[in-house]
Amino acid sequence: MKLRVFLPLLIVALTATSYAQTGSRFTPAMAERADVKQALAYIDTNFDKQVAEWITLTQIPALSTHEQQRAAYVTAELKKIPGLQVSSDAIGNVTARRPGVGGGPAILLAAHMDTVHPMNTDLKVKRLPDGTLHAPGVFDNTASVANALQTLRALNAAKIQTRGDLIFVFTVQEELGLKGMYYWMDHNVAPAMIVASDGALSDVNYGALGIYWSKMKFTAPGAHTLNSRNQPHPARAVAQCITDIYTVPLPPADAAVPAIYNVGILGGGTVVNAISPENWFTVDLRTIDPVLLKSLDAQIVAKCQAAANANHVTFTREFIQRSEAGGRPEALASRLTQPIVQTPMDVLKFVGSPATPVPTGSTDANVGVVRGIPSVSIGRSRGGNQHSLSEWADIASARLGAKQMLLVVIALAELAPAK
Ligand SMILES: [Zn+2]
């Protein structure tokens, strides 16, 4: 008798403790609630439709700054879901707000609509017998857009209510230095937490890789070769500057906080028989350490200025894109135990795809990380070769991706009592 009463209690207590210790807002019991079960069943029952929509979306071209057609599709689908407040902003982000009943944190779910593929790319999706889809953009990040639409439909079908608002933002220009997300955050009340859906299923990234892309430009009046002796010389400044940049010391490759830079493109000049009035090159600089990022950037710019002075030319630096660094692992250590990281970890364990969190990342979540908002990116499906013509994604894993998204957002925004 005693045992019969005690044993279930003990099991409940152990389960509760193992989830409570982690700071997770998700419990397996949550997934057993009738309405949540119904929402998960919706994803299962309608998975063929989700895949069909995923294919449709992939075939709508959406190069960064040209997302309008894809945004129009997303907007039309969102407007079919009762209770959503759907809006677009000046840069092109589409926002669907699903109001909570009150008393919980507002959770922003970001899924970028843009791709890196030119508008004339062949986007026809090939579905192979091994259960994969092949097309540019099918993985990064169209799978997330399809998952997000289906998650909202599933929440509505099951009449799930959360305490906090759910704010689903379908962002633009993610691939151009997270521009759409920066714009959204600059023009709206900040949410309590941010979840970006991007990357492979089982990714949980809670940091922000700082990335500076610069164009280093050197200009002078130019001169015919016959008159070129001792004249200001942009091409020579470029040559000297690139050589000098590579003397800027980097941390060792195996350092806890690595950093890297690279000169990728050189340009300028139109004729053989003259000093070019303009020559330039690009620098890609990356590290998670904000102090190191600024210091390496300053040293690189100083090398350019010195080379410009030595060659009597004008130097200007233009940022092609810029996203700030989120911090060294020790600075983010406390994040690891917080609900924003622990909740997706527990959800992934529950859906059968356990994860190890990583203190770096290069997604819309970075915008939150650098502003001190608990932010994380989670995966969408399995797949690979993103940003290439041979991009592919695993179909079955998107079902887990959608369930993961649904459970993460309702756990973080806190489930309201079932009606
Ligand atoms: Zn992406």
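The legends below describe close-up views of a predicted model.

**View 1. The zinc ion and its protein donors.** In this predicted model, the zinc ion has as its protein donors His112 through NE2, Asp140 through OD, and Asp198, which is listed with two OD entries, at 2.1 to 2.7 Å from the ion. Along the chain these donors follow the spacing H-x27-D-x57-D. Histidine 112 in strand 3 (residues 107-112) and aspartate 198 in the loop between strand 7 (193-197) and strand 8 (203-205) lie 86 residues apart, so that the pair links distant parts of the chain. The angles subtended by the four donor atoms around the zinc ion run from 51 to 138 degrees, and the arrangement is therefore irregular, since a tetrahedral assignment would need all angles to lie between 85 and 135 degrees. Histidine 112 counts as buried because its relative accessibility is 1%, and aspartate 198, with a relative accessible area of 8%, is buried as well.

**View 2. An open sheet of four strands.** The strands of this sheet are arranged in the order 4-5-18-17, and their pairing is antiparallel. Strand 4 (126-128) and strand 17 (383-384) form the edges, each of them pairing on one side only. Between strand 4 and strand 5 (residues 132-134) the antiparallel pairing extends over three bridges, and arginine 127 has leucine 133 in strand 5 as its bridge partner.

**View 3. Two helices across the sheet.** Helix 4 (residues 47-58) lies across strand 4, strand 5 and strand 18 (392-394), and its direction makes an angle of about 15 degrees with strand 5. Helix 12 (residues 395-413) also lies across strand 4, strand 5 and strand 18, but here the angle given is that to strand 18, at about 65 degrees.

**View 4. Glutamine 50 and its surroundings.** Glutamine 50 belongs to helix 4 and, with a relative accessibility of 1%, counts as buried, because the limit for that class is under 20% relative accessible area. When residues up to four places away in sequence are not counted, glutamine 50 touches Ile43, Ala146, Asn147, Gln150, Ala398 and Ala402.

**View 5. Lysine 215 and its contacts.** Lysine 215 is placed in strand 9 (residues 210-219). With neighbours within four places in sequence left aside, lysine 215 is in contact with Trp280, Phe281 and Thr282, and also with Thr316, Arg317, Glu318 and Ile320. From leucine 57, lysine 215 is separated by 158 residues in sequence and by 34 Å in space, taken from C-alpha to C-alpha.

Definitions and conventions:
Residues numbered from 1 in each chain as written. Predicted model: local features only at pLDDT ≥ 70, side-chain atom pairs only at ≥ 80, totals over all residues. Heavy atoms only, no water. Pairing = 2+ DSSP bridges. Contact = heavy atoms within 4.5 Å. Axes fitted to C-alpha atoms, helices over the stretch in contact; angles between N-to-C directions. Donors = N, O, S within 2.8 Å, 3.2 Å for Na, K, Ca; no water. Tetrahedral: all angles 85-135°; square planar, octahedral: opposite > 155°, others 65-115°. Buried < 20%, exposed > 50% of the residue type's maximum accessible area, 1.4 Å probe, protein only.
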